[in-house]
Structures are given as structure tokens and as C-alpha cells.
Amino acid sequence: MAMTSAKAADSIPAGPVVDIRTTLGDIKVRLYDDTPKHRDNFLKLVKEGFYDGVLFHRVIKDFMIQTGDPSSRTADSTAMLGSGDPGYTIEAEIAYPRHYHKRGALAAARTGDQVNPERRSSGSQFYIVTGEKIPAARMAQIAESSVMGKRQQYFRTLVERDREKIGALEAAGDREGLEALRQSLIAETENAVKADPLPENIVNDYTTVGGTPHLDGQYTVFGEVISGMDTVEKIENVATGRADRPLEDVRIISATVEK
């Protein structure tokens, strides 16, 4: 498969290309120029040979394949992998809906929101999306849930903004005043966060090509596969064991920047 979506080749954002040779075949990815921190860091690591020899340590069929843990390079079959990095994280460059988790998307792994509320990316670990095709009805539900989540988050920020006013109304036992303020905050939230439908290109990609839309807006997507999805498919179909690690090692032989 030469492309990751129904888009024409000339619609792929310009950017440098990296060739990734693995023990199961080759993958070619194009990096996005509008996620420069991730682009530059990835190129730096590739040029240093950082990825040479590392394993695809987490593989989940119909979801994604993950690599980039430097400790995996010399790990034995019993090692728990996934916490290794170069000693730093990268500021998030989440650009949804411009970049989203369509099949073939290249994105940065990270720790969870509980310990990483800024959603900073791992300095080296990345994943390639495989996912699955999403029915149109499910995409409509996803769009609705997305709006609800954004409105809840926005409403909470308004509550924090008006915390003193709310406290004064509560202290005075003014239920009518509290309800009037609540309705005002709801109206302000709905005006700020519109219930717009998902862009047509996103719906088309997810329904015809596939992906993992529930990750959108949560992780930085900084590139995409432009050839070698057959290799990605081979990797996602290997047998796995504990912590979704392949039973037989799948390794990056080398990664190089195309001239």
C-alpha cells in the first residue's frame, strides 16, 4: 500500500522523508513541517543512529505498533519494555483536526494525563497507527462525544474563573442566583464551543481507510507512512505475549534520512 488514506499524493504535507528498515521489511515516513519540534527531534535521533537496533516492543492488532525504547536494544525476552527514553520530553504539538490518527499516522507516545497534564511527548518513542474502519454512525457518536468533552472542559474553566462569585452566592443561600449563573455559564460554553460536524476528509478517511479516532487531540501526530504499510501490517499481525510484546523480536535495523 503506497498511501495511508484516500488523499492524493500531492496533498501530503511537505517535509523530510525517513526510511525505516526493519526485520520484516521497509517503511517510509514523511514528517510534517508544521510540527517542527517533533520533526527536528526525530531527524536528530535518526542521524545519531538512535533507532538502529531497537525493538517494536508493543504491538496491538487493529490499533498500532510502537517502538523507540532504547532499553529494548539489548533486552532479553523477559524484560518489561516501554519506559525508556533519551532523558527528555518534547512540548506537545497537537494539531487536530489538521493532523489526526488515520491509518498510517506517525505519532509520539507519552505518559498519561495524570502525571503529564501538558501531554508532552516521549523524547523517542513513537507509534504508527493501524486501526480499523469506523462505521459512519459511530463517527457521528464520536463527533458528539468530542463536543461534549470540550464543553465540559470549557465549563470547568468558567467555574474556576467565577469561583469567588459562586462561593458568595452559596454563602448567601441564593439558589436562584446560583441557577442563573449556571445557565449563564452554560450559554457562554455553548457559544464558545460550537457543535460543528467533523470535517469531511476526516470522516472519509476513518470510514474508508480506518484509524483510531479516540486518540485525536490527545497525542501529537507528526508524520505519516507514505509507503510500506504492508510491512506495518506484517508487524501488527505477529504473535504477542505479556504487555503486547511480540514473542519473536521485530527490530529496526536502521533509520536514515532520505537525501
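A polar contact is a pair of N or O atoms within 3.5 Å. With that in hand, welcome to a short tour of this predicted model. Our stops are a threonine in helix H6, the buried side of helix H5, and the two cavities of 30 Å³ or more that turn up in a search of the whole structure.

**Thr-231 and its surroundings**

- Let's begin in helix H6, which spans residues 229-236 and holds Thr-231.
- Is Thr-231 buried or exposed? Its relative accessible area is 3%, under the 20% cut-off, so Thr-231 counts as buried.
- The side chain of Thr-231 also has a partner: the backbone oxygen of Asp-26, reached at 3.0 Å.
- Asp-26 appears again among the residues that Thr-231 touches, together with Thr-22, Leu-24, Gly-25 and Ile-27; residues up to four places away in sequence are not counted here.

**Helix H5 and what follows**

- Helix H5 runs over residues 200-208, and Ile-202, Asp-205 and Tyr-206 are buried in it. These residues lie on the same side of H5, because they cover an arc of only 90 degrees around the axis.
- Which helix helps to cover the buried residues of H5? The cover includes helix H2, residues 136-161.
- After H5 comes Gly-210, and the phi of this glycine is positive, near 110 degrees.

**The largest cavity**

- On to the empty space inside: the largest cavity encloses about 60 Å³. Its lining is made up of 13 residues, and those closest to the centre are Asn-41, Ile-90, Ser-122, Gly-123 and Phe-222.
- Which helix gives the most to this lining? Helix H1, residues 36-48, does so with four residues.
- Sorted by class, the lining of the largest cavity has seven nonpolar and six polar residues, and no charged ones.

**The second largest cavity**

- The second largest cavity has a volume of about 30 Å³.
- Around the second largest cavity you will find Ile-94, Ala-95, Tyr-96, His-99 and His-101, along with Asp-216, Gly-217, Tyr-219, Thr-220 and Val-221.
- By class, the lining of the second largest cavity has five nonpolar, four polar and one charged residues. The charged residue is Asp-216, because Asp belongs to the charged class and Gly counts as polar.

Definitions and conventions. Residues are numbered from 1 along each chain as its sequence is written. This is a predicted model: local features need pLDDT of at least 70, side-chain atom pairs count only at pLDDT 80 or more; totals for chains, interfaces and linings use all residues. Side-chain values use heavy atoms; hydrogens and water are left out. Helices (H or I, at least four residues) and strands (E, at least two) are DSSP runs, numbered from the N terminus. Buried means under 20% relative accessible area, exposed over 50%, partly exposed in between (1.4 Å probe, protein chains only). A polar contact is a pair of N or O atoms within 3.5 Å; within protein, one must be able to donate a hydrogen and the other to accept it, and residues adjacent in sequence count only if both atoms are side-chain atoms. Contact means heavy atoms within 4.5 Å. The arc is that of the directions from the helix axis to the C-beta atoms. On a 1 Å grid over the protein atoms alone, a cavity is a set of points where a 1.4 Å probe fits but cannot get out, and a pocket is an open set with protein on both sides within 12 Å along at least five of seven lines; lining residues have an atom within 4 Å of a point. Grid points are joined across faces, edges and corners, and a volume is the space filled by probe spheres set on the points.
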